[in-house]
Amino acid sequence: MRLAPVLLAGALALAGCGKSEPPADNAPGGEAAVETPAVAPTAAMGEQVFRRCVACHTAEQGGSNGIGPNLHGVVGAAVASKPDFSYSGAMKAKGGVWDEAALDAYLKAPMKDVPGTRMAFAGVIDPTDRKALILYLEEQSK
């Protein structure tokens, strides 16, 4: 039994052998390296991500509002512009248009992007998932 901790420590030390160095933060020429996803995001992937949203939102044309507004046509629309939905004061005050950048920032961390929003959702952390979700919402906006 006294030998077990020594063997475990040795196995852990060997497990780290042969691992490559992490990639440098900067690409040659001083430009920041751009991380490319292993799989390019698609609207079909976004439909899967949207499943996290269906407890509160719909996205089909003519769909009803839920706890959150129907998201059909949201891409390119003015913020808080659905006339049949009661938005929070914070969302009304946000202003602007739901373009890709605005959606990306909001979907990443809704409560951080619009303090006071009623959307109690932690956010879509993975940037590939966010891009796929935006592609899906864009497709649903046609």
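**Exercise 1. Classify G46 by burial and place it in the fold.**

Step 1. G46 has a relative accessible area of 0% and is therefore buried, where buried means under 20% relative accessible area, exposed over 50%, and partly exposed in between (1.4 Å probe, protein chains only). The model is a predicted one, in which local features need pLDDT of at least 70 and side-chain atom pairs count only at pLDDT 80 or more, while totals for chains, interfaces and linings use all residues. Residues are numbered from 1 along each chain as its sequence is written, and side-chain values use heavy atoms, with hydrogens and water left out.

Step 2. G46 sits in helix α2; helices (H or I, at least four residues) and strands (E, at least two) are DSSP runs, numbered from the N terminus.

Step 3. With neighbours within four places in sequence left aside, G46 is in contact with A132, L133 and Y136, contact meaning heavy atoms within 4.5 Å.

Step 4. The C-alpha atoms of G46 and L137 are 7.9 Å apart, although the two residues are 91 apart in sequence.

**Exercise 2. Summarise the protein chain as a whole.**

Step 1. How many helices and strands does the protein chain have? The secondary structure comes to six helices and zero strands, in the order α-α-α-α-α-α along the sequence.

Step 2. The protein chain has 142 residues, of which 27% count as buried.

Step 3. Take the contacts between residues at least 6 apart in sequence: 40% of them join residues at least 24 apart.

Step 4. The exposed area of the protein chain is about 9500 Å², and carbon and sulfur atoms supply 60% of it. Accessible areas come from the Shrake-Rupley method with a 1.4 Å probe; for residues, only the protein chains shown count as cover.

**Exercise 3. Work out the surroundings of R130.**

Step 1. Locate the residue: R130 belongs to helix α6, which spans residues 127-140.

Step 2. Is R130 buried or exposed? Its relative accessible area is 5%, so R130 is buried.

Step 3. Find what the side chain reaches. The R130 side chain comes to 2.9 Å from the backbone oxygen of V124. This is a polar contact (a pair of N or O atoms within 3.5 Å; within protein, one must be able to donate a hydrogen and the other to accept it, and residues adjacent in sequence count only if both atoms are side-chain atoms).

Step 4. Beyond residues up to four places away in sequence, R130 touches D104, L107, K108, V124 and I125.

**Exercise 4. Compare residues of the loop between α2 and α3.**

Step 1. Start with H72, which lies in this loop. H72 is buried because its relative accessible area is 16%. Its side chain reaches the backbone oxygen of Q140 at 2.3 Å. Apart from neighbours within four places in sequence, the contacts of H72 include T58, E60, K82, Q140 and K142.

Step 2. Turn to P69, also found in the loop between α2 and α3. P69 counts as buried because its relative accessibility is 12%. Residues up to four places away aside, P69 touches H57, T58, K82, F85 and Y87. Between P69 and Y87, 18 residues apart along the chain, the C-alpha separation is 8.5 Å.

Step 3. V54 lies in the loop between α2 and α3 and is partly exposed, because its relative accessible area is 49%. The C-alpha atoms of V54 and N70 are separated by 10.0 Å.

Step 4. V75 is placed in the loop between α2 (43-50) and α3 (89-94). Among its contacts outside four places in sequence are W98, L103, I134 and L137.

Step 5. Check the backbone of A80: phi is positive, at about 55°, although A80 is not a glycine.

**Exercise 5. Describe the largest pocket.**

Step 1. The volume of the largest pocket is about 640 Å³. On a 1 Å grid over the protein atoms alone, a pocket is an open set of points where a 1.4 Å probe fits, with protein on both sides within 12 Å along at least five of seven lines; lining residues have an atom within 4 Å of a point. Grid points are joined across faces, edges and corners, and a volume is the space filled by probe spheres set on the points.

Step 2. Which residues lie nearest its centre? Of the 34 lining residues, these are H57, G68, P69, Y106 and M119.

Step 3. By class, the lining has 23 nonpolar, eight polar and three charged residues. Here Ala, Val, Leu, Ile, Met, Phe, Trp, Tyr, Cys and Pro count as nonpolar, Asp, Glu, Lys and Arg as charged, and the others, Gly among them, as polar.

Step 4. α4 supplies the largest share of the lining, three residues.
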